[in-house]
Amino acid sequence: MCGIVGYIGKRDVAPLLLEGLQRLEYRGYDSAGIAIHASGKAGGLKTAKAKGRVRELESRLPKRFAGTTGIAHTRWATHGAPNDENAHPHMDAEGKVAVVHNGIIDNAAELRAKLTADGVEFASETDTEVLAHLIGRSQAEKLEEKVRDALRHIEGTYGIAVLHSDFADRIVVARNGSPVVLGIGEKEMFVSSDVAALVSHTRQVVTLDDGEMATLKADDYRTYTTEGSRTTSSPETVEYAAESYDMGAHDTYMHKEISEQADAVDRALRGRIDDRFSTVHLGGLNLDAREARGVRRVKILGCGTSYHAGQIGAQMIEELARIPSDAEPASEFRYRNPVVDPDTLYVAVSQSGETYDVLAAVQELKRKGARVLGLVNVVGSAIARETDGGIYVHAGPEVCVVSTKCFTNMVVSFALLALHLGRIRDLSVADGKRIIDGLRRLPAQITEILEGEAEIKKLAELYADAKSMMFIGRVRGYPVAREASLKLKEVSYIHAEAYPASELKHGPLALIEPAMPTVAIVPDDDLLEKNRAALEEIKARSGRILAVAHAVQQKADHTIVVPKNEPELDPILMGIPLQLLAYHTALSLGRDIDKPRNLAKSVTVE
Ligand code: M6R
């Protein structure tokens, strides 16, 4: 969703900010804007804004738009339509203050009414403009104090960057619930809401905490609380280099990210396996053996693909550690006043670590005294910081809106957690070893699946004419079917339904006809015959079937054969060809693969 970039130094700022905005495009947005301290005698702030893409903004920049300090923004509309007026930065009445803002100001309507009563005229419908006026009207002397004054009136979430024409030597930033990362350069400083916009310039970053502010000058930065007390924050090195955020030789990020999965899984396993005790070490878990033995339930919370990964994870934990476990959409959980049990271990799962619904669920759980672990991809993200401990999934940067390699690495990380909990409880050494051997086989087996891409492409083209598709699976295969169905619909816009195969007779069978193909997950496990019976039922209604199985299925029109691993780990492999199926279906339909319509990579609002 919204993105912030800022720069202060000696270089021409506009091209730098535009490049930063382009790196944030993947998050999803509908307008963009930029404000700079203009160089030259006249000085002052100059802005440019445009509805649409960053290239639109670029084409609108005035000829004279030089400066070495500036802020910029990509906006995903919440308060007010996506148009030029509502695009950030927003200015105060005198045009001295420019603000870019991620998040939502909950009491904006009330503040707007008060300011209007005081004679302020608003130029936009946004909540953010309120903040610009409040800063502009503050009587405090220093910019930091003006910003602090304004923030005292604000209820809601924000990551902000502020310019003031009377303080051309600085950018002031603040964070509450929406990420702000400082990039530390040589006699130049950067700021962004996402390291993706920083890594081509510096890998030295400082991530602000909620309630923290910072002043950036060209050769210096300092951090402090919104109350004004100094904080200490030493720069950390970003794990991935700039190239990891580029598309490389691929035509889309989705293809690149699907192709990276063998390496990504290898990374998730690296340094964690303990052959001596047939278990794994999860350094950041902060859960000792005694505490782990005391866990009576595991509740996993996530959204979308991460929720599906959590569903597979819950089954793994239940099977390997024999702890009752389930997954629930975080977006629902937080609204049903859930019973929070001290013996339950909560696990928040998220690629971005920013998803508002997950973060809000975590905060509610923490408020009630629960122990919450994070299973997160983005290091240092809000959810990673808010949780008591956790597992980084180490998938590397995922840019495509449609999650693929993160899903796989999340499920692998759940397998590690299940194995760890299992070996502390009743999982035998032999079973621990069996799972470890299975985990080690995964990268090579993923490579083998990816080598079958040409065949999957042909199948995708064959089924791409479907208006609707059914996905079925049983027990371990059911969340795989759900995730595959989500993948297909979000990237190809083909309607898809996912059902447990066991439920067909209870209703969905009515949909089966030649124009409604079914994708069936058919692992060679104890439910094989039951799954085959479902294929019979579909075939008897003239339904077309594409099976994903460990061996060719006679009743299916086509089978994608995947290598067999251990039954508990098979869901990891069975999801991968279906990512390729969704990708090639979307490609043959000419879809905007990396940025499907109406979707954003990080859903930072409700
Ligand atoms: O960053 P998160 O994992 O918390 O995101 C959760 C969902 O928004 C995300 O998985 C979404 O469903 C993706 N578009 C799936 O491809």
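Reader: What makes the side chain of Ser306 a polar contact of the ligand?

Author: In this predicted model, an N or O atom in the side chain of Ser306 is 2.5 Å from an oxygen atom of the ligand. A polar contact is a pair of N or O atoms within 3.5 Å (within protein, one must be able to donate a hydrogen and the other to accept it, and residues adjacent in sequence count only if both atoms are side-chain atoms), so the pair qualifies. Local features need pLDDT of at least 70, side-chain atom pairs count only at pLDDT 80 or more, and totals for chains, interfaces and linings use all residues of the predicted model. Residues are numbered from 1 along each chain as its sequence is written, and side-chain values use heavy atoms, with hydrogens and water left out.

Reader: Which side chain has an N or O atom 3.0 Å from an oxygen atom of the ligand?

Author: That side chain belongs to Lys487. A polar backbone atom of Gln351 also lies 2.7 Å from a ligand oxygen.

Reader: Why is Glu144 called buried?

Author: Its relative accessible area is 4%. Buried means under 20%, exposed over 50% and partly exposed in between (1.4 Å probe, protein chains only), so Glu144 is buried.

Reader: What makes the side chains of Glu144 and Thr215 a polar contact?

Author: Their distance of 2.8 Å meets the cut-off already stated, so the term applies. The side chain of Glu144 makes another such contact, at 2.9 Å, with the side chain of Arg170.
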